[in-house]
Every structure is written in structure tokens, then in C-alpha cells.
Amino acid sequence: MKIFIHQNNHEQGFSTIIMVIILTIIGAILLTSAHLLMISWHKTLARESQYYHRFNQANSALNWALTQSWQIPTDNWQCLFETKYQWKVCIKNSLLQIDNYVLIRGESEGLFVYSLAHHQSGKLIVQKGHWLDYCPEKRRAYCE
């Protein structure tokens, strides 16, 4: 003997509508999550791009400093500005107790990079390996 359970058309239609609503909600949640993730990635990419732009500008300022003529460095910053690229570079005597170094500071939009050099006949001479992304002085105030 076979027993058939008969659902009327209203019950079948109601369960279909519930399934469509559930699938729509899940889809909306997934799309919203994907959108928020893309916004987060976009912000991260923009921050990193801006950082690398500033970093490269500051590093270019250091290289530009090597082509300039400088007075004998003192314990106070001497700065030069390059208006086309908005570079700022400054030099002063380093407090390091070795080798009479001159501290060079390249700046771009508040990002600083440093190098150690020697001053000879108005020019700065940098030895390989003396580029720094931090100030080498013991006190941070000396680098500002």
C-alpha cells in the first residue's frame, strides 16, 4: 500500500519563496563582504603607493645632494630646496665618534632618509653602504 502525502500548491510555493529569500540574503552578505574586502585592499594599495612615492622622492633628494656644492658643515642643519620636484636635503656634522662623518637628510612630505658622507672641497662623498632609512644619531632630537 502506497501512501502519498499531498501538499497543496500554497505550501510548495511558500517553501520556494523562503529558499529564494535565504539565497538572496546569503548572496547579499557575500557581495557586501567582497566589496568591503576590495575597499580594504584599495586603501592598503593607495597607502603603500604613497609611501613608495615619498620614499623614492626622499632618496632622490639624497642623490641630488651629492651633485650640489656645500659650505663646510657645522653642527646646525644647512638645507637646500629643489623647487621642481619639491625635494629638501640638509646636512650637518654627525655626532658619531668615528671618521668625521657628515649626516645627510633627504626629505619628501615628512618622510626622511639619511646617509653618511664626507665633505671634500664643497662636495659630499658617500661610501658604499652608508645609506640609512633611520637616523644614526643616538638622540632623535639631533636628527630633527
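**Exercise 1. Find which side chains meet in a salt bridge, and place them in the fold.**

Step 1. In this predicted model, local features need pLDDT of at least 70, side-chain atom pairs count only at pLDDT 80 or more, and totals for chains, interfaces and linings use all residues. Residues are numbered from 1 along each chain as its sequence is written, and side-chain values use heavy atoms, with hydrogens and water left out.

Step 2. Apply the criterion: a side-chain nitrogen of Lys or Arg within 4 Å of a carboxyl oxygen of Asp or Glu. The structure holds 1 salt bridge. It joins the side chains of K88 and E107, at 3.8 Å from N to O.

Step 3. K88 belongs to strand β2 (residues 87-93) and E107 to strand β3 (residues 102-108), so the pair ties together parts that are 19 residues apart in sequence. Strands are DSSP runs of E with at least two residues, and helices are runs of H or I with at least four, numbered from the N terminus.

Step 4. Classify by relative accessible area: buried is under 20%, exposed is over 50%, and partly exposed is in between (1.4 Å probe, protein chains only). K88 is partly exposed because its value is 23%. E107 has 18% and is therefore buried.

**Exercise 2. State where Q86 and E109 lie, and give the sign of phi for each.**

Step 1. Q86 sits in the loop between β1 (78-82) and β2. Its phi is positive, about 65°, although Q86 is not a glycine.

Step 2. E109 is in the loop between β3 and β4 (111-120). Its phi is also positive, near 50°, and E109 is a residue other than glycine.

Step 3. For reference, most residues other than glycine have a negative phi.

Step 4. Q86 counts as exposed because its relative accessibility is 60%. E109, at 55%, counts as exposed too.

**Exercise 3. Determine whether A117, V113 and L124 are buried or exposed, and relate each to a second residue by C-alpha distance.**

Step 1. A117 is in strand β4. With 0% relative accessibility, A117 is buried. Its C-alpha lies 9.4 Å from that of S94, and the two are 23 residues apart along the chain.

Step 2. V113 is also placed in strand β4. At 1%, V113 is buried. Between V113 and T24 there are 53 Å, C-alpha to C-alpha, with a sequence separation of 89 residues.

Step 3. L124 lies in strand β5 (residues 123-132). Its relative accessibility of 4% makes L124 buried. L124 and Q71 are 53 residues apart in sequence and 10 Å apart in space, C-alpha to C-alpha.

**Exercise 4. Describe the nonpolar patch on the surface that includes I29.**

Step 1. Patch members need over 30% relative accessible area and no salt bridge; nonpolar side chains (Val, Leu, Ile, Met, Phe, Trp, Tyr) are joined within 5 Å, and like charges within 9 Å. Areas come from the Shrake-Rupley method with a 1.4 Å probe, and for residues only the protein chains shown count as cover.

Step 2. The patch consists of F14, I17, I18, M19, I21, I22, L23, I25, I26, I29 and L30. Together they have about 1100 Å² of accessible area.

Step 3. I29 lies in helix α1 (residues 9-65). At 51% relative accessibility, I29 counts as exposed.
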